[in-house]
Structure formats: C-alpha cells, structure tokens
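Let's work through a fold together, one small exercise at a time. Have a look at the sequence and the structure first, then try each task before you read its solution.

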Amino acid sequence: MITLVNVGNSHHELVSFSINRTMNSVPHIDLVSVVSNKEVKIASSYNLFKIPDSFNLLDYCDFCIKSMDSIVYTEFVLINQYDGIATNPSAWTDEFLDYDYVGSLSHVDHPPVQSSLKSSGFYEDFMSNHWFTCGGGLSLRSKKLLTILANDDKITVVNYKDGYNVPFISEDLVITLLNREYLEKEHGIRFAPVELGMKFCAEVATGYTNALGFHGWYNAPLYLTEDECLFFFGLLEKPDYLKDTMPMQMCKYHTMIRGYLKLREYFIENDKWIVY
C-alpha cells in the first residue's frame, strides 16, 4: 500500500539509519526505493534509482513534483530524509490514509518560508495564512496527487512573479501553499488538517507532541534515544550544521529537557554549547 522513498546524495549512513527506523515505525510499507548516487545498507531489499553526483536541491524539487510518480505504483508514498524519520509506531493511525498529503506544520512567518515567499513575490498573497500542513521531509502523499503533479503543466517547480528572480521554491511549498487552492478545487486533493499534521510529524513548532516522527536535525533529541543522537550527530557531514544558530538553540533546549547529559558533553567538547 505504501512505498517508502528516500531521495538524495548525502549522509548515506544516516539515510540507512533513517530508513530502517522508519520501516519499523510505519505499517503498510510494501516497497522501498532509494534515489541516490550510491547504495545504502538497510534491513530489506529495495530498488535503487541512480542519479548523478551533481543532483542538487532544484533537481530534488523537480523530481518530487514531476518524476516521483514514475517510480511509485502503490496507493501512497512515504517520503523520508536522513533527518526526516518516523520513530513512534504507536502514533500511527489509518486516518492518515484518508488524505492526499500529510506533512508537518509550517507557517508563512517561519523564517525560511517567509524568506522564500518574499524573494519570490508571494508573501503578501499568503501573509494572512496561519498554520498549514506542509513539511515534505517526512510526508505521506497519495498516488493520485503524484500523477496530477506529473501531468498538470500549470504546476511548475520554478515559481516567482514578474520582477523577481529566485532559483526555485521548495517543492512542499509549491504543492501545499502556492497550488493548494487549485489542487483542492480542480482536482479534489485533500490536505490533512492542522491537528492531524501535529500527530504526524514534529518540525518547526510542534515540539514534543508524541508524533509519528520528526523532521529537522534539531528535533532529534526529542525522538531518538541518547545513543542514537550521539550516532546521528557524529555522522552529520556539514560542520556548520551545529554552529550556534537558532536551530542549535532549539537542539540544546531539547537536549536539556530530555536530560541527555552525554549528548550535552558531546556538544561541549565540540564547542557547540555556547553559554550566554
């Protein structure tokens, strides 16, 4: 009924961990497909779709919108990433399967979303929006939606107004914000309500909600054991991921409320625990 798909060329060891953890947390997964430049090690057989080393974020967005349909034959696809992981099987409900798109919550004033909308000229169109289900890093999508996205030429990856010039808007915003009303009215697509999104995935604002899983490395302490966190952060390839930014402040807060002392020491030893 569900194909688990992971797309990307980085963090291959974490991808293996993420897929295995997700497979153990979500029922109805019949197939696994990995879209990558390398094989990964997971606990089941899977289909590997090779992509070039140069595959970038624009390519990712294009693949999710226009090409995902070509590799999914089940009723649903569950998209996960190295930091988009399902961990809590008790949170699964078949109610998720009543919708064509289920993702974590977002908000037009979440800094990355606001910046993207302003640079592309769409912020004023959506500034009255409040919370909406959006996040694609751990998301469930119907085959119906994938087929519509692949074949409807009105839905494009590059989206900006005249006078603006941005490379692209993230694929989840293209689907769940820019084209949401069109997909609902013209194609009968059903987006999960806010309350169900909170049960599905924690990301920017849901915090510890006992959701099915999380997206965003800064949420890892809320959903992984301490030993899993040490493994997870030890494998992050980009050294600037753990610099003292707002996400790192969130990560430190989550570490403290979970009482993960070994993880705190790890951050201190790596000069990531800055005290003001």
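How many bridges join β4 to β7, and do these strands run parallel or antiparallel? Before you start, note that this is a predicted model, in which local features need pLDDT of at least 70, side-chain atom pairs count only at pLDDT 80 or more, and totals for chains, interfaces and linings use all residues. Residues are numbered from 1 along each chain as its sequence is written, and side-chain values use heavy atoms, with hydrogens and water left out.

**Exercise 1: the sheet**

Task: settle the β4 and β7 question, then find the place of both strands in the sheet.

Solution.
- Step 1. Get the terms straight: helices (H or I, at least four residues) and strands (E, at least two) are DSSP runs, numbered from the N terminus. Two strands pair if DSSP finds at least two bridges between them.
- Step 2. Now the count: β4 and β7 are joined by 4 bridges, and they run antiparallel. For one such pair, look at V77, whose bridge partner in β7 is R141.
- Step 3. Zoom out. The order β3-β2-β1-β4-β7-β6 makes an open sheet of 6 strands with mixed pairing. At its edges sit β3 (47-50) and β6 (101-106), each pairing on one side only. From one strand to the next, the twist averages 30°. (Axes here are lines fitted to C-alpha atoms, for helices over the stretch in contact, and angles run from 0 to 180 degrees between N-to-C directions.)

**Exercise 2: the neighbour at the edge**

Task: work out how many bridges join β6 to β7, and which residues stand opposite each other.

Solution.
- Step 1. There are 5 bridges between β6 and β7 (residues 132-142), and these strands run antiparallel.
- Step 2. Match up the residues: Y101 stands opposite R141, and V102 stands opposite L140.
- Step 3. Check how covered β7 is: 11 of its 11 residues are buried. Buried means under 20% relative accessible area, exposed means over 50%, and partly exposed is in between (1.4 Å probe, protein chains only).
- Step 4. Look at S106 in β6. S106 counts as buried because its relative accessibility is 5%. Leaving aside neighbours within four places in sequence, S106 is in contact (heavy atoms within 4.5 Å) with residues including V113, W131 and C134.

**Exercise 3: helices on the sheet**

Task: find which strands α1 and α6 lie across.

Solution.
- Step 1. Helix α1 (residues 12-23) lies across β1 (2-7), β2 (29-36) and β4 (76-80), and runs at about 170° to β2.
- Step 2. Helix α6 (residues 171-178) lies across β6 and β7, at about 105° to β7.

**Exercise 4: one side of a helix**

Task: which residues of α3 are buried, and why do they count as lying on the same side?

Solution.
- Step 1. In α3 (residues 111-120), the buried residues are V113, S116, L117 and S120.
- Step 2. They sit on the same side of α3 because they cover an arc of only 95° around the axis. (The arc is that of the directions from the helix axis to the C-beta atoms.)
- Step 3. Here's the general idea: an α-helix has 3.6 residues a turn, so residues three or four places apart point the same way.
- Step 4. Ask what they pack against: β6, α4 (123-126) and α6.
- Step 5. See what comes after α3: G121, with a positive phi near 90°.

**Exercise 5: the cores**

Task: how many residues does the largest nonpolar core have, and which have the most contacts inside it?

Solution.
- Step 1. A nonpolar core is a set of buried Ala, Val, Leu, Ile, Met, Phe, Trp, Tyr and Cys residues joined through side-chain atoms within 4.5 Å.
- Step 2. The largest one has 49 residues, and I2, L78, L140, F200, F232 and F233 have the most contacts inside it. Helix α1 gives the most to this core, with 4 residues.
- Step 3. There's also a second, separate core of 39 residues, with Y60, I79, F132 and V157 among them.

**Exercise 6: cysteines**

Task: how many disulfides does the structure hold?

Solution.
- Step 1. A disulfide is a pair of cysteine sulfur atoms within 2.5 Å, and the structure holds 0 of them.
- Step 2. Take C64: the nearest cysteine sulfur, that of C61, is 6.8 Å away. C64 is buried, with a relative accessible area of 0%.
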